[in-house]
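Today I am going through this model with two topics in mind, paired charges and enclosed space, and I note each look-up as I make it.

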Amino acid sequence: MAQADSQSRLRDRFAVLLGPVAWLLLVALAAGTWTWAGRFLRTAEDGGLAQRTQVAAAFTRSYLTGLATRQRQDAARALADRTVSQERLEVFGAGLGYTSMILLDDRGRVMLTWPSQPALIGRDLADELEHVRLALQRDRITVSDVYASVVVPGRSLTAIAVPFPTPYGRRVFSGGLVAADSPLGDYLREAVVPRGGHAYLVDRFGNVVAATRGLGPQIVPLARLVPPLAAALERSPDGDYRAAGQDWHYTSAPVWPDGWRLVTEAPHRRLYAPADEAQRRFGVVLLAAALFGLVAVAAIGHIAHRRLQGQRQLRRQAAELHAFNTELELLAASISHDLRTPLTAMSAYAEVLAEHYPGRMSAEEAGLFVEKIRSNAARMADLIAALLSFSRLQRGQVDLRRVDLAALTGQVWADLAERRAGRDIRFDLADLPPCQGDPALLRQAVTTLLDNAVESTRDRPVARIEVGYQAGPEGFTTYLVHDDGVTLDPGQLKELFTPFQRLHPTGTYQSVGMGLSLVQRIITRHSGRIWAEARPEGGTTFFFTLPVALPDT
């Protein structure tokens, strides 16, 4: 009996102790979860800042490259006469937003400047300005670091030197701009800078090209503007530093391979405010749950399970929303520039027409300016139409069903008969397996890819376009569209799917650079991926994956 009583007491003590022990374990687990949640949320904020910075760096590179490419094409048409007037140079740069412009011959000697500086005419600038010397030596577009302008004394600029051929020898056009006052500066201020923080575009020598804070007319090194940040960047491309009595987090992304980079920073108290508030609320909930004690253990477990499920769903939704917002930031910045460009050009042409037509301009010259205004208006209409298509695709639902992709591709090829009229194109369509997708969206994607292929092969007397397939990852089929037309270089392949990047100078969506962005969005909404490769024997191949068709029921 005594032995039985002893065992009973032991069981009672164990029962008494079990509750407090379980409660203490639960509190310890809750405290650990609370600490981990705080670190996780802060890491997510750091990742979001880094991702926005990388997108902004890619846009900066795309903006400067696009501006220089258009500048080179226009200069070869407008500045190739034996003599170029001051008025012609002013009209050429009216829509480009330059602070200064220089036209040089093939030896780097100044032919013309704007604003006019007669003392500079004939002066050799090849040795003085590195970007001019490199443009002449390498015959390629060159973007300068920040330098003191020779045309506008006392002003620091960033210049784009563009060599172009003329019947009278090669020439170089160099346009200097204040990046902080350009659409690029507007983009940094309005779309990139984090709350309470700053953004800096820095050249290879550490001088600030553009920033979200005032710089003044002189060259300003980052080490003088924000010494603690410059010192931290010497140690690591991202991290933390302390200045002015508070902690800051910074991150950076390369813009050019030769040292340009975009740097963004934000104070901890602003960057991590949402994460800290979420952690505080989470801590209050955990503390309240712990106070319920042993009686509430089961309920807390159930609630925690439901909360975990909800958090997973919220994280998935937050990740999708973050990716969508990042894409919209880049798109909005591109739209801001691309819509503003034709507007600025139309305004400039209209001002020149109004000022010079009465008695100073022939009807033929006036007609040329009117045609430029009309073409810029048409380009703006195309931009708006492409934007509407992108917006509808973002909002619309995907109606998944079994799609006979071979039949759909054949129909699209027949619809493109007018686009390929008079061409000798050998079209090879394989017996494609069916897929699971939205017929209307897939038709749009296939139309864009085949239209790109037709456009890419327009210079070949006999062209070949192939549509085939190969094994893909589990649950997917990899389809391909190959043409033997223009072979894209690695730089073009990286930028193919960026909004407003033009694959060819003519075409439908490609005229505003949205076609392949729409295709990428369509494939992504089908849980697939798309990429492009250049063939060694010539041409380009687009690969994309789509889900395998479900069996008929």
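I looked up Glu455 and found it buried, at a relative accessible area of 6%, in a model that I keep in mind is predicted. Its side chain meets that of Arg419 in a salt bridge, 2.9 Å from N to O. Because Arg419 lies in the loop between α11 and β13 (424–429) while Glu455 belongs to helix α12, the pair ties together parts that are 36 residues apart in sequence. Arg419 itself counts as partly exposed, with 32% relative accessibility. I then followed the contacts outward and noted a network of salt bridges that links Arg419, Asp451, Glu455 and Arg458.

Next I searched the whole structure, which gave 17 salt bridges. One of them joins Asp145 to Arg204, with the closest N and O atoms 2.6 Å apart. This pair links distant parts of the chain, since Asp145 sits in the loop between β3 (142–143) and β4 (147–148) and Arg204 in the loop between β7 (198–202) and β8 (208–211), 59 residues apart. I recorded Asp145 as buried at 10% relative accessible area, whereas Arg204 is partly exposed at 35%.

Finally I turned to enclosed space and found four cavities of 30 Å³ or more, the largest with a volume of about 60 Å³. I asked which elements supply at least two residues each of its lining; they are α11 (405–415), α12 (439–456) and β16 (476–483). The largest share, three residues, comes from β16. By class, I noted nine nonpolar residues, one polar and no charged in this lining, with Leu405, Val446, Tyr479 and Phe544 among them.

Definitions and conventions. Residues are numbered from 1 along each chain as its sequence is written. This is a predicted model: local features need pLDDT of at least 70, side-chain atom pairs count only at pLDDT 80 or more; totals for chains, interfaces and linings use all residues. Side-chain values use heavy atoms; hydrogens and water are left out. On a 1 Å grid over the protein atoms alone, a cavity is a set of points where a 1.4 Å probe fits but cannot get out, and a pocket is an open set with protein on both sides within 12 Å along at least five of seven lines; lining residues have an atom within 4 Å of a point. Grid points are joined across faces, edges and corners, and a volume is the space filled by probe spheres set on the points. Helices (H or I, at least four residues) and strands (E, at least two) are DSSP runs, numbered from the N terminus. Ala, Val, Leu, Ile, Met, Phe, Trp, Tyr, Cys and Pro count as nonpolar, Asp, Glu, Lys and Arg as charged, and the others, Gly among them, as polar. A salt bridge is a side-chain nitrogen of Lys or Arg within 4 Å of a carboxyl oxygen of Asp or Glu. Buried means under 20% relative accessible area, exposed over 50%, partly exposed in between (1.4 Å probe, protein chains only).
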